[in-house]
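Please open the model in your viewer and keep the selection tool at hand, since each stop of this tour names what to pick next and what is found there.

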Amino acid sequence: MLRRFGCILTAIAMIFCLSLSNFAGLTVFADDEETYLTIPTSGGSLSSGIYQLTTDVTISNPLKINSGTEVTIDLNGWSITYSGEYVINIIGGTLNLVDSSEEASGIITQNYGSANPVVRVTSNGIFNMYGGTLYGPRGIYVKTGTVTITSGTITATNNYSVYAYGGSVTISGTGRVEIT
């Protein structure tokens, strides 16, 4: 009986060692560690993943969230600024906007013209706003898609904060919409 028990323990140990060797080269993160992507200053299409700002960013072209892509942008108290048509164009993909900073001071600013929104949602795109501030002549333009605002502020300096030409918009929680 003791001999059989010893064989079983040896077999278990061998299986355990073989299993560990199969995971060589695998990077494991603790719960509080994340791998964050960087917003490109050139703008363009973003890959799926989490982008957390560590400094203010000025982009030279709009950020695009294409179909099949899920992106989370954590403003983390910093800003994204663009002086063109719209800062973010969601083309069938999903964007989750958050601001994890204690001050909740993260902002996306559009500095161009009087008829340009900060965020444009088309092709059944999805925009979930969980924090941060959108600031520009117009806030969000929804051609076709879904917008959910549960926290954060949208400040429009010219015309509309949220315009739903097609699709749906839901505002709840502590989400605020302003026209100044």
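Begin with the whole chain shown as a surface: the accessible surface comes to about 9,900 Å², and 54% of that area belongs to carbon and sulfur atoms. What is on display is a predicted model. Of the 180 residues of the chain, 39% count as buried. Switching to a cartoon view, you should find one helix and 16 strands. If contacts are drawn between residues with a separation of 6 or more, 42% of them join residues that are 24 or more positions apart.

Next, select the strands E1, E4, E7, E10, E12 and E14, which in that order make up an open sheet of six strands with parallel pairing. At the edges stand strand E1 (44-45) and E14, and because each has a single partner strand, one side of each is left without a neighbour in the sheet. Staying at the E14 edge, you can follow its pairing with E12, where the two strands run parallel and are joined by three bridges. Within this region, isoleucine 140 stands opposite valine 162 in E14.

Isoleucine 140 also leads inward, to the largest nonpolar core, which has 30 residues; those that touch the most other members are Ile39, Ile73, Ile80, Ile88, Phe127, Leu134 and Ile140. Select isoleucine 39 from that list and display its surroundings: with its neighbours within four places in sequence left aside, isoleucine 39 is in contact with Leu46, Tyr51, Leu53, Val57, Ile59, Leu63, Ile73 and Ile80. Two of these partners, Ile73 and Ile80, are also named among the core residues with the most contacts to other members.

Now return to E12 and E14 and show the aromatic side chains. A pair of aromatic rings is described by the distance of the centres and the angle of the planes. How many aromatic pairs does the model contain? The count comes to two. In one of them, the rings of tyrosine 141 and tyrosine 163 have their centres 5.8 Å apart and their planes at 10°, so this pair is stacked. The stacked pair links distant parts of the chain, for tyrosine 141 belongs to strand E12 (residues 138-142) and tyrosine 163 to strand E14 (residues 162-164), 22 residues apart. The rings of tyrosine 160 and tyrosine 163 have their centres 5.2 Å apart, but with their planes at 35° this pair is tilted. Together, Tyr141, Tyr160 and Tyr163 form one aromatic cluster. Colouring by accessibility shows tyrosine 141 as buried at 18% and tyrosine 160 as buried at 12%, whereas tyrosine 163 counts as partly exposed at 38%.

For the next stop, select asparagine 128, which is found in strand E11 (residues 125-136). Is asparagine 128 buried or exposed? Its relative accessibility is 14%, so asparagine 128 counts as buried. The side chain of asparagine 128 makes a polar contact of 2.9 Å with the side chain of asparagine 96. Beyond the residues up to four places away in sequence, asparagine 128 touches Thr94, Leu95, Asn96, Leu97 and Thr148.

Move then to the loops, starting with glycine 92, which lies between strand E7 (88-91) and strand E8 (94-98). A distance drawn from C-alpha to C-alpha places glycine 92 and threonine 122 at 6.2 Å in space, although they are 30 residues apart in sequence. Leaving aside neighbours within four places, the contacts of glycine 92 are Ile65, Asn66, Ser67, Gly68, Thr122, Ser123, Asn124 and Gly125.

One of those contacts, serine 123, is the next residue to select; its place is in the loop between strand E10 (117-122) and E11. Phi of serine 123 is near 55°, a positive value in a residue other than glycine. At 44% relative accessibility, serine 123 counts as partly exposed.

The last selection is asparagine 76, in the loop between strand E5 (70-74) and strand E6 (79-82). Here too the backbone deserves a look, as phi of asparagine 76 is near 55°, a positive value in a residue other than glycine. Asparagine 76 is partly exposed, with a relative accessible area of 24%.

Conventions: Residues are numbered from 1 along each chain as its sequence is written. This is a predicted model: local features need pLDDT of at least 70, side-chain atom pairs count only at pLDDT 80 or more; totals for chains, interfaces and linings use all residues. Side-chain values use heavy atoms; hydrogens and water are left out. Helices (H or I, at least four residues) and strands (E, at least two) are DSSP runs, numbered from the N terminus. Buried means under 20% relative accessible area, exposed over 50%, partly exposed in between (1.4 Å probe, protein chains only). A polar contact is a pair of N or O atoms within 3.5 Å; within protein, one must be able to donate a hydrogen and the other to accept it, and residues adjacent in sequence count only if both atoms are side-chain atoms. Contact means heavy atoms within 4.5 Å. Rings of Phe, Tyr and Trp (its six-membered ring) pair if their centres lie within 6.5 Å; planes under 30 degrees apart count as stacked, over 60 as edge-to-face and the rest as tilted. A nonpolar core is a set of buried Ala, Val, Leu, Ile, Met, Phe, Trp, Tyr and Cys residues joined through side-chain atoms within 4.5 Å. Accessible areas come from the Shrake-Rupley method with a 1.4 Å probe; for residues, only the protein chains shown count as cover. Two strands pair if DSSP finds at least two bridges between them.
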